[in-house]
Each structure stands twice: as structure tokens, then as C-alpha cells.
Amino acid sequence: MSARLLAGLAILLALLLVAPALLGGYGLSVLILILYFAFVGQAWNIMMGFAGQLSLGHALYAGLGGYVAAGLYVHYGIGPWAGVFVAITAAVAAGSVIGYLGFRFSLAGVYFALLTIAFAEFTRIGFDNWSWSGGSGGLFLKVERGVTDLANLRGGPVLFYYVILALTVGAFGLCHLLLRSRLGRYWLAIREDAEAAQAVGVPVLRCKMLAVMISAALTAIAGVWNAFYYNNLFPETAFSIGRSIEMTLSPIIGGLGTLGGPLVGAVVLTSLGELFTSVGEALNIPGIKQIFYGLALLVIIMYRPAGLWPWIAARLGLERKP
Amino acid sequence: MTADFLLALSQAITKGLLTGMVYGLMALGLSVIFGVMRVVNFAHGEMMMIGMYLAWAAFDALQISPMLSLPLIALLFFGAGYLLQRSLIQPFINRPEHQQFLLLLAVATLIANGCLAIAGPDSRTIQLDSQFDSYELGPLVLDAVRVHAAVVALLIAALLWLFFTHTRTGKAIRAAADNHMGALVVGLDVRRLYAVTFGIGAACVGAAGALMITVIPVTPFLAGDYTLLAFVIVIVGGLGSMTGALLGGLLIGVSEAVAGLLGDPALKSMFSFGLLIVVLLLRPQGLLGRKEQR
């Protein structure tokens, strides 16, 4: 990492720390959204960007995490700081089953992606019909205005902002360490050529399993945060393919497999989304926001297929050429 | 089990078989595209939705029956598919899967919301004269509309089979699918063949849309479900296997109708995704697919 990049990151972090004092309610809500997508994108990036396994069912881990923690809180009064560990356990277990089946039966690419979609859909149907989680009617957390209760993660946007900021910074640091570790090198080898990696003695199955488990664990944390921030959960949205797909956009647009990618992608996509929402409201045509969004995706993927961050970083001279 | 239930069950199964033919035709388009150029058309359901809207518009404005507008829609789709492949998709043929996925996701978003912007969120349906006609087959009563749709779907599938087995272009496309390098070596214009293939796949799904509107109303929101459905059908039946796609369509059609009979629509999804998981794990080449070296 170059000194310039390090200095830039320090300034960015300092700005983010004081942001709630500078921004109004709307600005803060957008920033929260950006950080959420950066965090969950970083989690997805571990599996696809580092280890090369395409998952289009990550909503499963977020939904499962959210439901477990919210259910424990609603039914037994167990707070999210404890519940998150149960949530992680559940998501990692689900990820292990899917990963083991997929990798053991050597499904790759689209076939593996379809397997992840199938499991997410299955879970959605299960939760639709499970009364403990409120069924298709949804699960709701009690909202008390003006109460800040750190132990149960109840409070206003500022509280959730700092939590998601800490999570995003933590994920960023974790991924930085992972990429430099032996495991990270193994992942890259598997991503580039799994057979060659196997041939030179990389424990391919174990490494892929670790990628799924770490990715699922982080995604579950995002799900818990999400459930407590929005105070409601519906199987129809929590496990939907749309939710899974939206997690993949930031890292792909920002730069798959790069550390900065998910953050840059989240900034660009969330800002564009907000811009198009206001344009859409002004034009008052149904679907116009999504049309602009689709056009933006199309243009970026056509002209910057490797993502925005590698291009920006090269322009600013932030990264040494490999 | 009473005789009444058995009759209702066989009634549901025949209904499912008829609808399943149309599903099969839709999936056939996906199978042809993926089987030949290895590109996953994530906008497949959205493309079918355009076919449904076009057939609806022709009927609504000009009282042209979908069976008559179908050839025109298929032709239009062939041209549009050809151009789409040449302009957008060809540059992505050798790119990683996630980039192709995002490209077609963007196309799907544009189509779905374009339809929403133009046609609005209401569900659209057509009332054909033959709506309440039926054929009787022993104790079974078959909706005329579904029978017609199934027959036409089968006819188109047969035409497609003739094309791939008896015409020069069809054989060349199969050659390019079997061995890309070999096709280049013997001097086939693979780029053109790919564009033709995408055109054919689009024509199939456009035609399927024109048939589908006779049995199901169209809204801009269901397209994603149909994309997924087409995937399940194609994987279950076997990628690149034409009979596989039709068989997959029939299976899904029947499971849907039986789930409807039992009063729990979730059963259909349970069945189709359960089947998908089992097939992916135990028989990734699909029920009727050939084993290939991946």
C-alpha cells in the first residue's frame, strides 16, 4: 500500500468519524446505505472476488442471520450482541452445507450459482410457512422512539451509523489481512486455475469451504444489523434473489477481488440510485429510476468491465502496477 | 382416494402438460442460446414478457389473434435478438461469467422497467372467442386455448428440430457448439452463427410469449420468475438437449397444476427447486443431457 493511499484512507476515516455531526438526517441515511453495501459487498467479494465462487444466493445468509437474531430478541429477549453469534453459527452451517455439496460434486460457475439460488428460494418458502418467524406476515421488532439502548441495539440512525462503520472498517481490515495470508494466496490460485492449484498441493476443497464460511459469517452480521436497523423482516424480501443480486453489484461495479472495489462500487451505485430516485420523482414515470440504473450498469460493465476502482486507482497513482 | 379426486388429478395433470409445452418452448430458447454460446441469458423471462405485451397489444388494438401475430412476433424477435447479440453480447462472449451476468441483468432491468413505463403496472389479459371452448377426451375436459397453445408450441419445437438437423446453417450451429475451434478451422463464420443462434433463441421465447398470453395475464413484475423458471427447466432437462427442455417444461407444468389442485402454490416452487438441487448434484448434465467434458 502506497503512502498516498494510506494518507487518503486516514483522511477518509477521520471524515467518516465526524460525519454525523456534519450531515443532516438524509445525508446520514445515504451514508449508512453506502456503508452497508460496502460491508456486505466485501463479504460477497471474499467468495467471488478472492476465491472465484459465484454465489447468487447470499440473501440466504443475511436473511438467516437477521431472522435468528431478531427471533431470539423478540421471543426470548436475547440481545443482538449475543444473538449475532447464533446468527453467524446458523449462516455458517448453511454455507457449509451448500458449499460442501457444490464443491464436492464439483459444480462451477453458473451451475454453482443456481445451486445457491435454489437453496435461498427453498429457505424463503420454509420461512413463509414457519410461524415462529411470523410466516409470510413478517417479523417485527418493537420501535421505541427516543430510546437508546446499546445492549439491545435500539436507537437512532447515529448508533446504527457507527456500528456499520465499525463493521465496514473491520471487514476492510480483515480482507486486507486475508489477502496477504497463505489462505488468501491459495484463494487467488484457485480463482485463476483450480486444477493447477490442486496439482501443486493447494487444499482446494478446504480453502473454498473457508471462503464460504467467512463470507457467510460476515453476511450474517450484515443481516443482523439490517434487521435491527429496519425493525422488520419478510421472507419475500429477506431471501429474495433481488436481495442477493444487489449484494453482488457493488463489488462487481467497483472492481471484483480488489479491496477498494466494494466501497467505490457502493458509493457510485448508492449515489446514482439516490440521484435517479429524485429524477424519477420529478419525471413521474413508473420504472424510470430503474431504467436509468440499468443504463448505468450497462455503460459501466461495457466500458469498465474490471470495475471502477482499478481504473481510478491507476489514474490517481494509488496502486503499484502488479 | 376417491374417483372424483382421481379425475380432478388427471384433469390437473393434462392441464399441466398443455401449459408445460409452452414452458418448454420458452426454455428451448434459453437452452439453444446457452448450449451454443455458453452465455446465460439472464433476460430470458423479460424477453418473453415483451412477446406477451406485443401479442396483447396486437389483440387489444387490432383484434389480431395471438396465433396470427405469433409469426410476426417471432420474426421481429429474431431480428432483435440477432442485433442484440451482434452489438452487446458478442464482445462479452469470452469474458468471465459474472460480467456476462451483469450485462444481461442490466438488459433485463431495462426491459422490465421499459415495459412498466410504457404499459403501466396493471396486469393485462386477452379474451379470445375460444376462451370457453373445450375438447372432451373421454372423461377429461381440455381447454381449447391451452390445447391450441400446446399444439403450436410443439409445432415450433418440431420446426426447430428440422432446422438443426436438416439445414446447412442448423448443422453449422451444432458444429460450432460442439467444437468452437474446429468450426473456426473449417472456415465457419462463428460470429454470424452465434448471432443467428441468439436470434433463434429470441424467436422461440417471443413465440412462447405470444402463446403464454392466451393462458396467463402479463404484468411487468413476473419476468424475473420466468427467467428463473426457464433456468430450472433447462438444467433439469439437460442443457443443449431439445427434448430435455420440453420434458423439463412438462414436469414443471404438471407440478404447477398439481400444486394448484392441492391448494398450495408453494408446492410448485418446492418441487421445482428441490428437483433442481437433486439434478444439479446427481446428474448435472440434466435428465436427458449428454455427458460432456467440462
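**Chain B and its contact with chain A**

In chain B, 79% of the contacts with a separation of 6 or more join residues that are 24 or more positions apart. The model is predicted. This briefing describes the make-up of chain B, then helix α8, and finally the side of chain A that touches chain B.

**Elements and overall dimensions of chain B**

- Chain B contains eleven helices and two strands.
- Read from the N terminus, its elements follow the order α-α-α-α-β-β-α-α-α-α-α-α-α.
- Along the principal axes, the C-alpha atoms of chain B occupy a box of roughly 60 × 45 × 35 Å.
- A compact globule of 294 residues would have a radius of gyration near 19 Å, and chain B agrees with this because its value is 19 Å.
- Of the 294 residues in chain B, 53% are buried.

**Helix α8 of chain B**

- Helix α8 of chain B covers residues 190-212, and its 23 residues should span 33 Å at 1.5 Å a residue.
- The end C-alpha atoms of this helix lie 32 Å apart, which agrees with the expected span.
- Helix α8(B) is mostly covered, with 21 of its 23 residues buried.

**Where chain A meets chain B**

- In this interface, 33 residues of chain A are in contact with 29 residues of chain B.
- On the side of chain A that touches chain B, at least two residues come from each of α5 (109-128), α11 (241-254) and α13 (288-303) of chain A.
- The helix that gives the most to this side is α5(A), with ten residues.
- By class, this side of chain A has 26 nonpolar, five polar and two charged residues.

Note on methods: Residues numbered from 1 in each chain as written. Chains lettered and ligands numbered in written order. Predicted model: local features only at pLDDT ≥ 70, side-chain atom pairs only at ≥ 80, totals over all residues. Helix = DSSP H or I, 4+ residues; strand = E, 2+ residues; numbered from the N terminus. Expected span 1.5 Å × (residues − 1). Buried ≥ 20, exposed ≤ 12 C-beta atoms within 10 Å, placed from the backbone. Rg over C-alpha atoms; globule rule 2.2 N^0.38 Å. Contact = placed C-beta atoms within 7 Å. Nonpolar A, V, L, I, M, F, W, Y, C, P; charged D, E, K, R; others polar.
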